[in-house]
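Here are my notes on the model you asked me to look through. Have it open beside you while you read.

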Amino acid sequence: MARSGLADAARVARWADAALGPGRDSATADGKATLSAATAERAAAELGLTPAQVRADWDTARLAGLVEVHGDSARPGWRLRAWDRDDSAVLRGWVALFDAWSLAHPEPEGHEPAAVAEVVSAMPQVLSFLQLSAGPVPVEQLLDLLEQRVTELRTARCEIPYGPQPEPVAEPEPTDAPLAPLLDWALRALASVGALTYGDGQATLTPLGSWAVWVKLEQICVAAQSPAGNIEQGAEDMLRGCAQLRPNAARAEYRAWLAARPVGSAVTELLGAARGEDALLRGLAFEALRVVGAPAEPDVRAVLDEPTLRPYALLWLAEHDGADPEDAHEVLTREEATWLWVDTAAAVADHGEAPLLVRHLESAVQPTVPMLLDEVRAVGHPRTVQVLVALAAAHPDPALAKAVRRAAFQVHTGGS
(Lines give C-alpha, C1' and ligand atoms only; values in the text may rest on other atoms or scores of the structure.)
Protein backbone atom coordinates (compact mmCIF):
# COMPACT_ATOMS: atom_id res chain seq x y z
CA MET A 1 0.00 0.00 0.00
CA ALA A 2 2.81 2.41 0.84
CA ARG A 3 4.61 1.70 -2.44
CA SER A 4 1.38 2.15 -4.38
CA GLY A 5 0.46 5.37 -2.59
CA LEU A 6 3.89 6.90 -3.16
CA ALA A 7 4.51 5.51 -6.66
CA ASP A 8 3.69 8.79 -8.44
CA ALA A 9 5.85 10.79 -6.04
CA ALA A 10 8.74 8.35 -6.52
CA ARG A 11 8.36 8.63 -10.29
CA VAL A 12 8.67 12.42 -10.24
CA ALA A 13 11.57 12.22 -7.76
CA ARG A 14 13.43 9.80 -10.04
CA TRP A 15 12.77 12.04 -13.01
CA ALA A 16 14.21 15.01 -11.13
CA ASP A 17 17.25 12.97 -10.08
CA ALA A 18 17.95 11.95 -13.68
CA ALA A 19 17.08 15.23 -15.41
CA LEU A 20 18.20 17.83 -12.89
CA GLY A 21 21.08 16.18 -11.07
CA PRO A 22 24.53 17.79 -11.06
CA GLY A 23 26.48 17.35 -14.26
CA ARG A 24 23.45 16.51 -16.41
CA ASP A 25 23.40 18.14 -19.85
CA SER A 26 19.68 18.71 -19.41
CA ALA A 27 19.99 20.59 -16.10
CA THR A 28 18.02 23.77 -15.67
CA ALA A 29 19.45 27.04 -16.88
CA ASP A 30 20.43 28.17 -13.39
CA GLY A 31 22.07 24.82 -12.68
CA LYS A 32 19.82 24.14 -9.68
CA ALA A 33 17.36 21.30 -9.23
CA THR A 34 14.38 23.53 -8.51
CA LEU A 35 10.83 22.90 -9.64
CA SER A 36 10.30 26.14 -11.50
CA ALA A 37 7.33 26.64 -13.82
CA ALA A 38 9.51 25.65 -16.78
CA THR A 39 10.71 22.53 -14.96
CA ALA A 40 7.16 21.51 -14.07
CA GLU A 41 6.11 21.93 -17.73
CA ARG A 42 9.06 19.89 -18.90
CA ALA A 43 8.42 17.10 -16.37
CA ALA A 44 4.74 17.05 -17.32
CA ALA A 45 5.60 16.65 -21.01
CA GLU A 46 8.14 13.88 -20.41
CA LEU A 47 6.02 11.96 -17.88
CA GLY A 48 2.63 12.41 -19.58
CA LEU A 49 1.18 14.38 -16.68
CA THR A 50 -0.25 17.84 -16.16
CA PRO A 51 1.94 20.47 -14.45
CA ALA A 52 -0.50 20.48 -11.54
CA GLN A 53 -0.02 16.72 -11.10
CA VAL A 54 3.74 17.13 -11.23
CA ARG A 55 3.64 19.82 -8.54
CA ALA A 56 1.38 17.72 -6.32
CA ASP A 57 3.63 14.66 -6.69
CA TRP A 58 6.71 16.83 -6.05
CA ASP A 59 5.17 18.13 -2.83
CA THR A 60 4.38 14.56 -1.75
CA ALA A 61 7.96 13.48 -2.57
CA ARG A 62 9.31 16.28 -0.39
CA LEU A 63 7.06 15.40 2.56
CA ALA A 64 7.97 11.71 2.25
CA GLY A 65 11.69 12.43 2.16
CA LEU A 66 12.17 11.16 -1.40
CA VAL A 67 13.73 14.50 -2.25
CA GLU A 68 15.48 16.89 0.11
CA VAL A 69 15.31 20.60 -0.70
CA HIS A 70 18.09 22.88 0.52
CA GLY A 71 17.46 26.49 -0.36
CA ASP A 72 17.11 26.69 -4.12
CA SER A 73 18.47 23.22 -4.80
CA ALA A 74 17.17 19.67 -4.33
CA ARG A 75 18.81 16.28 -4.08
CA PRO A 76 17.50 12.71 -3.80
CA GLY A 77 16.77 11.55 -0.26
CA TRP A 78 18.23 8.29 1.05
CA ARG A 79 14.77 6.74 0.84
CA LEU A 80 14.74 7.14 -2.94
CA ARG A 81 18.15 5.45 -3.16
CA ALA A 82 16.93 2.53 -1.03
CA TRP A 83 13.45 2.40 -2.55
CA ASP A 84 13.71 -0.78 -4.61
CA ARG A 85 15.63 -2.88 -2.06
CA ASP A 86 14.43 -1.73 1.33
CA ASP A 87 10.78 -2.02 2.38
CA SER A 88 11.50 -0.16 5.62
CA ALA A 89 12.60 2.89 3.58
CA VAL A 90 9.23 2.87 1.83
CA LEU A 91 7.32 2.54 5.10
CA ARG A 92 9.35 5.28 6.77
CA GLY A 93 8.68 7.51 3.78
CA TRP A 94 4.97 6.95 4.11
CA VAL A 95 5.06 7.54 7.87
CA ALA A 96 6.85 10.85 7.21
CA LEU A 97 4.00 11.79 4.86
CA PHE A 98 1.47 10.64 7.46
CA ASP A 99 3.15 12.80 10.11
CA ALA A 100 2.91 15.79 7.74
CA TRP A 101 -0.80 15.30 6.90
CA SER A 102 -1.65 18.88 7.93
CA LEU A 103 0.74 20.16 5.22
CA ALA A 104 -0.50 17.78 2.53
CA HIS A 105 -3.93 19.37 2.19
CA PRO A 106 -4.58 23.15 2.44
CA GLU A 107 -6.42 24.13 5.59
CA PRO A 108 -9.74 25.95 5.16
CA GLU A 109 -9.64 29.73 5.09
CA GLY A 110 -11.19 31.94 7.71
CA HIS A 111 -10.13 29.98 10.79
CA GLU A 112 -7.98 31.23 13.65
CA PRO A 113 -4.44 29.73 13.50
CA ALA A 114 -4.81 28.82 17.19
CA ALA A 115 -7.94 26.76 16.45
CA VAL A 116 -6.18 24.96 13.59
CA ALA A 117 -3.22 24.20 15.86
CA GLU A 118 -5.55 22.82 18.52
CA VAL A 119 -7.20 20.47 16.04
CA VAL A 120 -3.81 19.26 14.79
CA SER A 121 -2.75 18.62 18.41
CA ALA A 122 -6.00 16.77 19.15
CA MET A 123 -6.02 14.49 16.09
CA PRO A 124 -3.67 11.79 17.50
CA GLN A 125 -6.37 11.00 20.08
CA VAL A 126 -9.02 10.89 17.34
CA LEU A 127 -6.81 8.55 15.30
CA SER A 128 -6.20 6.34 18.35
CA PHE A 129 -9.96 6.04 18.81
CA LEU A 130 -10.36 5.09 15.15
CA GLN A 131 -7.63 2.50 15.53
CA LEU A 132 -9.26 0.96 18.61
CA SER A 133 -12.67 0.96 16.92
CA ALA A 134 -11.32 -1.17 14.06
CA GLY A 135 -14.12 -0.13 11.75
CA PRO A 136 -16.21 2.80 10.50
CA VAL A 137 -16.91 5.53 13.06
CA PRO A 138 -19.62 8.20 12.53
CA VAL A 139 -18.22 11.69 12.09
CA GLU A 140 -20.56 12.97 14.83
CA GLN A 141 -18.84 10.69 17.32
CA LEU A 142 -15.42 11.88 16.18
CA LEU A 143 -16.57 15.50 16.49
CA ASP A 144 -17.65 14.88 20.10
CA LEU A 145 -14.26 13.39 20.88
CA LEU A 146 -12.44 16.27 19.12
CA GLU A 147 -14.41 18.86 21.10
CA GLN A 148 -13.59 17.07 24.37
CA ARG A 149 -9.89 16.91 23.52
CA VAL A 150 -9.73 20.57 22.46
CA THR A 151 -11.44 21.54 25.74
CA GLU A 152 -8.80 19.53 27.64
CA LEU A 153 -6.02 21.30 25.76
CA ARG A 154 -7.48 24.70 26.63
CA THR A 155 -7.94 23.76 30.27
CA ALA A 156 -4.34 22.56 30.49
CA ARG A 157 -3.14 25.96 29.24
CA CYS A 158 -4.99 27.86 32.01
CA GLU A 159 -2.01 28.12 34.35
CA ILE A 160 -2.18 30.72 37.13
CA PRO A 161 1.20 32.45 37.64
CA TYR A 162 2.41 33.57 41.03
CA GLY A 163 2.36 37.22 42.16
CA PRO A 164 0.05 40.13 41.40
CA GLN A 165 -1.38 40.10 37.92
CA PRO A 166 -2.76 42.91 35.74
CA GLU A 167 -6.41 42.93 34.88
CA PRO A 168 -7.04 40.37 32.13
CA VAL A 169 -7.67 41.74 28.69
CA ALA A 170 -10.61 40.11 27.00
CA GLU A 171 -9.51 38.23 23.89
CA PRO A 172 -11.73 36.29 21.53
CA GLU A 173 -11.51 32.57 22.21
CA PRO A 174 -10.67 30.76 18.97
CA THR A 175 -12.35 27.74 20.45
CA ASP A 176 -15.78 29.35 20.19
CA ALA A 177 -15.65 28.68 16.46
CA PRO A 178 -17.34 25.45 15.36
CA LEU A 179 -14.88 22.59 14.97
CA ALA A 180 -16.86 20.62 12.37
CA PRO A 181 -15.23 22.35 9.34
CA LEU A 182 -11.77 21.75 10.81
CA LEU A 183 -12.54 18.10 11.51
CA ASP A 184 -13.74 17.80 7.92
CA TRP A 185 -10.44 19.31 6.75
CA ALA A 186 -8.38 16.99 8.96
CA LEU A 187 -10.20 13.87 7.78
CA ARG A 188 -9.88 14.92 4.12
CA ALA A 189 -6.15 15.60 4.61
CA LEU A 190 -5.61 12.21 6.26
CA ALA A 191 -7.58 10.57 3.45
CA SER A 192 -5.36 12.33 0.89
CA VAL A 193 -2.25 10.66 2.33
CA GLY A 194 -3.94 7.23 2.48
CA ALA A 195 -4.39 6.98 6.24
CA LEU A 196 -8.17 6.63 6.19
CA THR A 197 -11.26 6.58 4.01
CA TYR A 198 -13.83 9.32 4.52
CA GLY A 199 -17.35 9.53 3.14
CA ASP A 200 -21.05 8.94 3.86
CA GLY A 201 -20.69 10.61 7.25
CA GLN A 202 -18.10 8.18 8.59
CA ALA A 203 -14.36 7.54 8.64
CA THR A 204 -12.35 4.29 8.67
CA LEU A 205 -8.62 3.81 9.03
CA THR A 206 -6.97 2.01 6.13
CA PRO A 207 -4.79 -0.98 7.06
CA LEU A 208 -1.77 1.25 6.48
CA GLY A 209 -3.22 4.00 8.66
CA SER A 210 -4.07 1.51 11.39
CA TRP A 211 -0.53 0.14 11.31
CA ALA A 212 0.97 3.64 11.52
CA VAL A 213 -1.17 4.59 14.54
CA TRP A 214 -0.24 1.30 16.23
CA VAL A 215 3.47 2.04 15.63
CA LYS A 216 3.07 5.51 17.16
CA LEU A 217 1.30 4.08 20.21
CA GLU A 218 3.99 1.44 20.59
CA GLN A 219 6.72 4.09 20.44
CA ILE A 220 4.98 6.10 23.15
CA CYS A 221 4.72 2.99 25.34
CA VAL A 222 8.38 2.06 24.76
CA ALA A 223 9.49 5.61 25.54
CA ALA A 224 7.40 5.64 28.71
CA GLN A 225 9.01 2.39 29.88
CA SER A 226 12.63 3.49 29.60
CA PRO A 227 14.12 0.98 32.05
CA ALA A 228 17.13 3.02 33.16
CA GLY A 229 15.63 6.48 32.82
CA ASN A 230 18.10 7.81 30.23
CA ILE A 231 15.53 8.86 27.66
CA GLU A 232 16.08 12.60 28.16
CA GLN A 233 19.89 12.38 28.19
CA GLY A 234 22.17 13.16 25.27
CA ALA A 235 23.67 10.22 23.38
CA GLU A 236 26.94 10.16 25.33
CA ASP A 237 25.29 10.18 28.77
CA MET A 238 22.68 7.66 27.61
CA LEU A 239 25.41 5.28 26.41
CA ARG A 240 27.30 5.66 29.68
CA GLY A 241 24.08 4.81 31.50
CA CYS A 242 23.77 1.64 29.39
CA ALA A 243 27.36 0.50 29.94
CA GLN A 244 26.49 -1.60 33.00
CA LEU A 245 23.25 -3.04 31.61
CA ARG A 246 22.86 -6.51 30.21
CA PRO A 247 22.56 -6.61 26.38
CA ASN A 248 18.76 -7.04 26.30
CA ALA A 249 18.20 -4.26 28.83
CA ALA A 250 20.59 -1.99 26.92
CA ARG A 251 18.72 -2.62 23.66
CA ALA A 252 15.44 -1.75 25.37
CA GLU A 253 17.02 1.49 26.54
CA TYR A 254 18.30 2.27 23.02
CA ARG A 255 14.81 1.68 21.61
CA ALA A 256 13.24 3.99 24.19
CA TRP A 257 15.84 6.69 23.55
CA LEU A 258 15.40 6.43 19.77
CA ALA A 259 11.60 6.47 19.99
CA ALA A 260 11.74 9.85 21.69
CA ARG A 261 13.63 11.72 18.94
CA PRO A 262 13.84 12.05 15.12
CA VAL A 263 15.91 9.26 13.63
CA GLY A 264 18.22 11.60 11.66
CA SER A 265 19.32 13.66 14.64
CA ALA A 266 19.60 10.50 16.79
CA VAL A 267 22.01 8.88 14.31
CA THR A 268 24.07 12.09 14.09
CA GLU A 269 24.26 12.24 17.88
CA LEU A 270 25.31 8.59 18.20
CA LEU A 271 28.07 8.99 15.62
CA GLY A 272 29.23 12.11 17.44
CA ALA A 273 29.53 10.08 20.64
CA ALA A 274 31.41 7.37 18.72
CA ARG A 275 34.02 9.94 17.62
CA GLY A 276 34.98 10.70 21.22
CA GLU A 277 37.98 9.34 23.09
CA ASP A 278 36.07 6.69 25.08
CA ALA A 279 36.36 3.43 23.16
CA LEU A 280 33.56 1.87 25.20
CA LEU A 281 31.11 4.51 23.99
CA ARG A 282 32.27 3.87 20.42
CA GLY A 283 31.26 0.23 20.62
CA LEU A 284 27.99 1.01 22.40
CA ALA A 285 27.11 3.71 19.86
CA PHE A 286 27.28 1.15 17.06
CA GLU A 287 25.18 -1.27 19.13
CA ALA A 288 22.54 1.48 19.34
CA LEU A 289 22.89 2.05 15.58
CA ARG A 290 22.10 -1.65 15.07
CA VAL A 291 18.77 -0.97 16.75
CA VAL A 292 18.20 1.94 14.32
CA GLY A 293 18.72 -0.37 11.34
CA ALA A 294 18.30 0.69 7.70
CA PRO A 295 17.76 4.45 8.23
CA ALA A 296 21.30 4.69 9.66
CA GLU A 297 22.93 3.10 6.59
CA PRO A 298 23.80 6.31 4.64
CA ASP A 299 25.37 7.92 7.70
CA VAL A 300 27.29 4.79 8.66
CA ARG A 301 28.55 4.42 5.10
CA ALA A 302 29.65 8.06 5.15
CA VAL A 303 32.09 7.46 8.04
CA LEU A 304 34.05 4.69 6.30
CA ASP A 305 36.81 7.21 5.56
CA GLU A 306 37.28 7.97 9.27
CA PRO A 307 39.98 5.58 10.60
CA THR A 308 38.55 5.63 14.12
CA LEU A 309 35.10 4.52 13.00
CA ARG A 310 35.91 2.47 9.89
CA PRO A 311 36.19 -1.01 11.49
CA TYR A 312 32.95 -0.49 13.42
CA ALA A 313 31.19 0.82 10.30
CA LEU A 314 32.41 -2.12 8.17
CA LEU A 315 31.08 -4.63 10.71
CA TRP A 316 27.77 -2.76 10.97
CA LEU A 317 27.33 -2.71 7.19
CA ALA A 318 28.25 -6.39 6.84
CA GLU A 319 25.63 -7.38 9.43
CA HIS A 320 23.11 -5.01 7.86
CA ASP A 321 23.68 -6.75 4.51
CA GLY A 322 22.90 -10.12 6.08
CA ALA A 323 26.26 -11.47 7.27
CA ASP A 324 26.24 -13.61 10.39
CA PRO A 325 27.58 -11.48 13.28
CA GLU A 326 30.15 -14.21 14.03
CA ASP A 327 31.47 -14.05 10.45
CA ALA A 328 31.19 -10.28 9.93
CA HIS A 329 34.82 -9.75 11.04
CA GLU A 330 35.93 -11.34 7.77
CA VAL A 331 35.23 -8.03 5.99
CA LEU A 332 38.08 -6.41 7.96
CA THR A 333 41.67 -6.34 6.76
CA ARG A 334 44.32 -7.63 9.16
CA GLU A 335 45.26 -4.03 10.03
CA GLU A 336 41.64 -3.02 10.64
CA ALA A 337 41.05 -6.08 12.83
CA THR A 338 44.18 -5.25 14.84
CA TRP A 339 43.14 -1.62 15.27
CA LEU A 340 39.73 -2.79 16.50
CA TRP A 341 41.42 -5.20 18.91
CA VAL A 342 43.41 -2.34 20.44
CA ASP A 343 40.32 -0.10 20.61
CA THR A 344 38.31 -2.81 22.35
CA ALA A 345 41.21 -3.47 24.71
CA ALA A 346 41.23 0.24 25.56
CA ALA A 347 37.54 0.02 26.49
CA VAL A 348 38.23 -3.04 28.68
CA ALA A 349 41.24 -1.36 30.32
CA ASP A 350 39.20 1.76 31.12
CA HIS A 351 35.99 0.10 32.27
CA GLY A 352 36.58 -3.63 32.77
CA GLU A 353 38.51 -5.92 35.08
CA ALA A 354 41.97 -7.41 34.63
CA PRO A 355 40.75 -10.96 33.81
CA LEU A 356 38.66 -9.55 30.95
CA LEU A 357 41.75 -7.92 29.46
CA VAL A 358 43.67 -11.18 29.68
CA ARG A 359 40.81 -13.05 28.00
CA HIS A 360 40.69 -10.36 25.31
CA LEU A 361 44.20 -11.45 24.33
CA GLU A 362 42.71 -14.71 23.07
CA SER A 363 40.45 -12.87 20.60
CA ALA A 364 43.34 -11.46 18.55
CA VAL A 365 43.59 -12.64 14.94
CA GLN A 366 47.36 -13.18 15.29
CA PRO A 367 48.36 -16.75 16.22
CA THR A 368 51.21 -15.73 18.56
CA VAL A 369 51.79 -12.93 21.05
CA PRO A 370 55.02 -11.71 19.31
CA MET A 371 53.11 -11.36 16.03
CA LEU A 372 50.30 -9.53 17.81
CA LEU A 373 52.74 -7.12 19.44
CA ASP A 374 54.48 -6.41 16.13
CA GLU A 375 51.20 -5.67 14.37
CA VAL A 376 49.76 -3.68 17.28
CA ARG A 377 52.82 -1.42 17.18
CA ALA A 378 52.42 -1.01 13.41
CA VAL A 379 48.77 0.10 13.35
CA GLY A 380 49.49 3.20 15.42
CA HIS A 381 46.42 3.29 17.64
CA PRO A 382 46.69 6.31 19.98
CA ARG A 383 45.95 4.15 23.04
CA THR A 384 48.54 1.46 22.23
CA VAL A 385 50.93 2.26 25.10
CA GLN A 386 48.18 2.38 27.74
CA VAL A 387 46.68 -0.87 26.48
CA LEU A 388 50.01 -2.73 26.54
CA VAL A 389 50.92 -1.41 29.98
CA ALA A 390 47.52 -2.50 31.36
CA LEU A 391 47.86 -5.93 29.71
CA ALA A 392 51.34 -6.42 31.15
CA ALA A 393 50.09 -5.51 34.62
CA ALA A 394 47.14 -7.90 34.32
CA HIS A 395 48.79 -10.98 32.79
CA PRO A 396 49.81 -13.73 35.22
CA ASP A 397 52.67 -15.05 33.04
CA PRO A 398 55.83 -13.10 34.02
CA ALA A 399 57.66 -13.81 30.75
CA LEU A 400 54.72 -12.70 28.60
CA ALA A 401 54.12 -9.65 30.79
CA LYS A 402 57.78 -8.69 30.38
CA ALA A 403 57.54 -8.95 26.57
CA VAL A 404 54.40 -6.81 26.56
CA ARG A 405 56.05 -4.18 28.79
CA ARG A 406 59.06 -4.09 26.44
CA ALA A 407 56.71 -3.54 23.46
CA ALA A 408 54.95 -0.71 25.36
CA PHE A 409 58.32 0.92 26.08
CA GLN A 410 59.35 0.65 22.43
CA VAL A 411 56.10 2.24 21.26
CA HIS A 412 56.49 5.00 23.86
CA THR A 413 60.09 5.81 22.85
CA GLY A 414 59.60 5.21 19.16
CA GLY A 415 62.19 2.46 19.20
CA SER A 416 62.19 -0.86 17.36
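The points below cover aromatic pairs, salt bridges, one methionine and a charged patch.

1. Before anything else, keep in mind that this is a predicted model. Every distance and angle below is computed from that prediction.

2. Let's begin with the aromatics. The structure holds three aromatic pairs. One of them is Trp-101 with Trp-185: the ring centres sit 5.3 Å apart and the planes make an angle of 45 degrees, so this pair counts as tilted. Trp-101 belongs to helix α6 (residues 101-104) and Trp-185 to helix α9 (residues 180-192), so the contact links distant parts of the chain, 84 residues apart. Both Trp-101 and Trp-185 are buried.

3. Another aromatic pair is Phe-286 with Tyr-312, and this one is stacked, with 5.5 Å from centre to centre and 25 degrees between the planes. Here too the pair links distant parts of the chain: Phe-286 comes from helix α14 (residues 279-292), Tyr-312 from helix α16, and they are 26 residues apart. Are these two rings buried or exposed? Phe-286 has a relative accessible area of 1%, so it is buried. Tyr-312 comes in at 9% relative accessibility and therefore counts as buried as well.

4. On to the salt bridges, of which the structure holds 19. As a reminder, side chains of opposite charge can pair when their charged atoms come close. Take Glu-46 and Arg-42, whose side chains meet at 3.3 Å, N to O. They are four residues apart in helix α2 (residues 37-47), so about one helical turn separates them. Glu-46 is partly exposed at 48% relative accessibility, and Arg-42 is partly exposed at 24%.

5. Now look at Glu-118 and Arg-154, which form a salt bridge of 3.0 Å, N to O. Glu-118 lies in helix α7 (residues 113-133) and Arg-154 in helix α8 (residues 139-157), so this pair ties together parts that are 36 residues apart in sequence. What about burial for Glu-118 and Arg-154? Both are buried.

6. Helix α8 also carries a salt bridge within itself, between Glu-152 and Arg-149. Their closest N and O atoms are 3.0 Å apart. Because the two are three residues apart in the helix, about one helical turn lies between them. Glu-152 is partly exposed, with a relative accessible area of 39%, and Arg-149 is partly exposed too, at 23%. Elsewhere on your list, look at Arg-85, Glu-297 and Arg-301: salt bridges that share partners join them into one network.

7. One methionine is worth a glance. Met-238 is in helix α11 (residues 235-242) and is buried, with a relative accessible area of 0%. Its C-alpha atom is 8.3 Å from that of Tyr-254, although Met-238 and Tyr-254 are 16 residues apart along the chain.

8. Last, the surface. Which residues gather in a patch of negative charge? They are Asp-324, Glu-326, Asp-327 and Glu-330. Glu-330 is in the loop between α16 (310-320) and α17 (334-351). With a relative accessible area of 60%, Glu-330 is exposed, because the cut-off for that label is over 50%.

Conventions: Residues numbered from 1 in each chain as written. Predicted model: local features only at pLDDT ≥ 70, side-chain atom pairs only at ≥ 80, totals over all residues. Heavy atoms only, no water. Patch = residues over 30% accessible without salt bridge, like charges linked within 9 Å, V, L, I, M, F, W, Y side chains within 5 Å. Areas by Shrake-Rupley, 256 points an atom, 1.4 Å probe, with all protein chains shown as cover. Salt bridge = Lys/Arg side-chain N within 4 Å of Asp/Glu carboxyl O. Lys, Arg positive; Asp, Glu negative; His and termini not counted. Charge placed at Lys NZ, Arg CZ, Asp CG, Glu CD. Buried < 20%, exposed > 50% of the residue type's maximum accessible area, 1.4 Å probe, protein only. Phe/Tyr/Trp six-rings, centres within 6.5 Å; stacked < 30°, edge-to-face > 60°.
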